Amino acid sequence: MESSYSINSLSHNFLLIILLLLTSSINLTTCKKTNVEFIRTSCGFTTYPTLCFNSLSRRASVIQTSPKLLAQTALSVTLDTTRTTSSSMVKLSKVHGMTPLEVAAMKDCIEVLSDSVYELQRSLGEMIRPGSKKFRLVMSDIQTWVSSALTDEDTCSEGFKNDPKMKSVVRGKIVNVAHLTSNALALINSYASLNR
């Protein structure tokens with residue numbers, strides 16, 4: 001009698017464990033879907049929604065459904081991409097056979113990309129820091145710096161207007177950074193508007 005009770009008890013406990021595992025698995029799947037949908041919906045309000053979603057959806061578990069984490073992550077992705085692009089431009093500047101005008105334009109481009117990296121770093125630093133200043137003032141600073149970074153990136157390819165081939169190469173590298181920056185700014189603006 002006692003042995004049948006312990007078998008029933010074990011079976012009951014086993015069923016409970018299975019149910020708990022299934023429930024937690026369903027909850028995790030639902031949570032992941034909700035996070036991804038939040039990112040998709042938020043990216044729908046940016047200028048480049050597909051790029052926005054593709055660059056952020058892999059980080060859905062970090063972002064969850066937080067507008068602040070979404071804006072922070074967009075800034076972080078943009079900063080990483082801008083750094084990589086800046087390094088790529090430095091390598092490109094060492095290619096032989098460029099005219100003096102191209103060399104000067106390339107130096108200007110590298111300089112404005114460096115400024116862009118700095119502005120994005122400042123913005124991300126302020127986004128991550130716990131609120132020490134007034135929220136509106138901090139967000140205004142961040143919006144100004146990210147807008148300035150976007151202007152720097154747009155300026156980069158303008159120096160090559162007399163050389164269509166080099167302009168195309170430079171523009172190919174800069175355009176992705178500019179689009180990511182534009183999307184990050186849209187998400188920052190959205191976050192700022194929620195907390196006014």
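At what angle do helix α5 and α6 pack, and how far apart are their axes? Keep that in mind while you get your bearings; the model in your viewer is a predicted one.

**Stop 1: the whole chain**

Colour everything by secondary structure. You should find 7 helices and 0 strands, so to speak a run of α-α-α-α-α-α-α from the N terminus on. Now switch on the surface. The chain has 196 residues, and 38% of them count as buried. About 11900 Å² is exposed, with carbon and sulfur atoms supplying 59% of that area. As for the contacts between residues with a separation of 6 or more, 73% of them join residues 24 or more positions apart.

**Stop 2: α5 against α6**

Hide the surface and select residues 100–128, which is helix α5. Add α6, residues 135–156. Here is the answer to the opening question: the two pack at an angle of about 160°, and their axes are 8 Å apart. The cut-off for roughly antiparallel is an angle over 145 degrees, so α5 is roughly antiparallel to α6. Their crossing is left-handed.

Now show the side chains where they meet. On the α5 side, pick out Cys109, Val112, Leu113, Asp115, Ser116, Glu119, Leu120, Arg122, Ser123, Glu126 and Met127. Facing them from α6 are Val138, Met139, Ile142, Trp145, Val146, Ser148, Ala149, Asp152, Glu153 and Cys156. Colour this contact by residue type and you get 12 nonpolar, 3 polar and 6 charged residues.

**Stop 3: α6 against α7**

Keep α6 on screen and bring in helix α7, residues 164–194. This pair packs at about 165°, with axes 9 Å apart. That angle makes α6 roughly antiparallel to α7. The way α6 passes α7 is again something to look at from the side: it is a left-handed crossing.

For the contact itself, select Phe135, Met139, Ile142, Gln143, Val146, Ser147, Ala149, Leu150, Glu153, Asp154 and Cys156 in α6. Their partners in α7 are Val170, Ile174, Val177, Ala178, Thr181, Ser182, Leu185, Ile188, Asn189, Tyr191 and Ala192. By type, this contact divides into 15 nonpolar, 5 polar and 2 charged residues.

**Stop 4: Val146**

Zoom in on Val146, which sits in helix α6. Is this residue buried or exposed? It counts as buried, because its relative accessibility is 0%. Show what surrounds Val146: beyond its neighbours within four places in sequence, it is in contact with Leu75, Leu120, Ser123, Thr181, Leu185 and Ile188. Try a distance label from Val146 to Leu185: the C-alpha atoms are 6.3 Å apart, although the two residues are 39 apart in sequence.

**Stop 5: along α4**

Next, select helix α4, residues 67–93. Three of its residues make good stopping points.

- Thr82 lies in α4 and is buried, since its relative accessible area is 0%. Leaving out residues up to four places away in sequence, Thr82 touches Leu113, Ser116, Val117, Leu120, Glu153 and Val177.
- Gln72 is also placed in α4. With a relative accessible area of 15%, Gln72 is buried. Apart from its neighbours within four places in sequence, Gln72 is in contact with Leu124, Met127 and Ile128.
- Lys68 belongs to α4 as well. Its relative accessible area is 29%, so Lys68 is partly exposed. Which residues does Lys68 touch, not counting those up to four places away in sequence? They are Met127 and Tyr191. Label the C-alpha atoms of Lys68 and Tyr191 and you get 6.2 Å, for two residues 123 apart in sequence.

**Stop 6: the loop at Gln64**

Finish in the loop between α3 (60–63) and α4, where you will find Gln64. Gln64 counts as partly exposed because its relative accessibility is 45%. Check its backbone: phi is positive, about 55°, although Gln64 is not a glycine. Why pause over that sign? Because most residues other than glycine have a negative phi.

Conventions: Residues are numbered from 1 along each chain as its sequence is written. This is a predicted model: local features need pLDDT of at least 70, side-chain atom pairs count only at pLDDT 80 or more; totals for chains, interfaces and linings use all residues. Side-chain values use heavy atoms; hydrogens and water are left out. Axes are lines fitted to C-alpha atoms, for helices over the stretch in contact, and angles run from 0 to 180 degrees between N-to-C directions. Helices (H or I, at least four residues) and strands (E, at least two) are DSSP runs, numbered from the N terminus. Angles under 35 degrees count as roughly parallel, over 145 as roughly antiparallel, 65 to 115 as roughly perpendicular and the rest as oblique. A crossing is left-handed if the near helix is turned anticlockwise from the far one by less than a right angle, and right-handed if clockwise. Contact means heavy atoms within 4.5 Å. Ala, Val, Leu, Ile, Met, Phe, Trp, Tyr, Cys and Pro count as nonpolar, Asp, Glu, Lys and Arg as charged, and the others, Gly among them, as polar. Buried means under 20% relative accessible area, exposed over 50%, partly exposed in between (1.4 Å probe, protein chains only). Accessible areas come from the Shrake-Rupley method with a 1.4 Å probe; for residues, only the protein chains shown count as cover.
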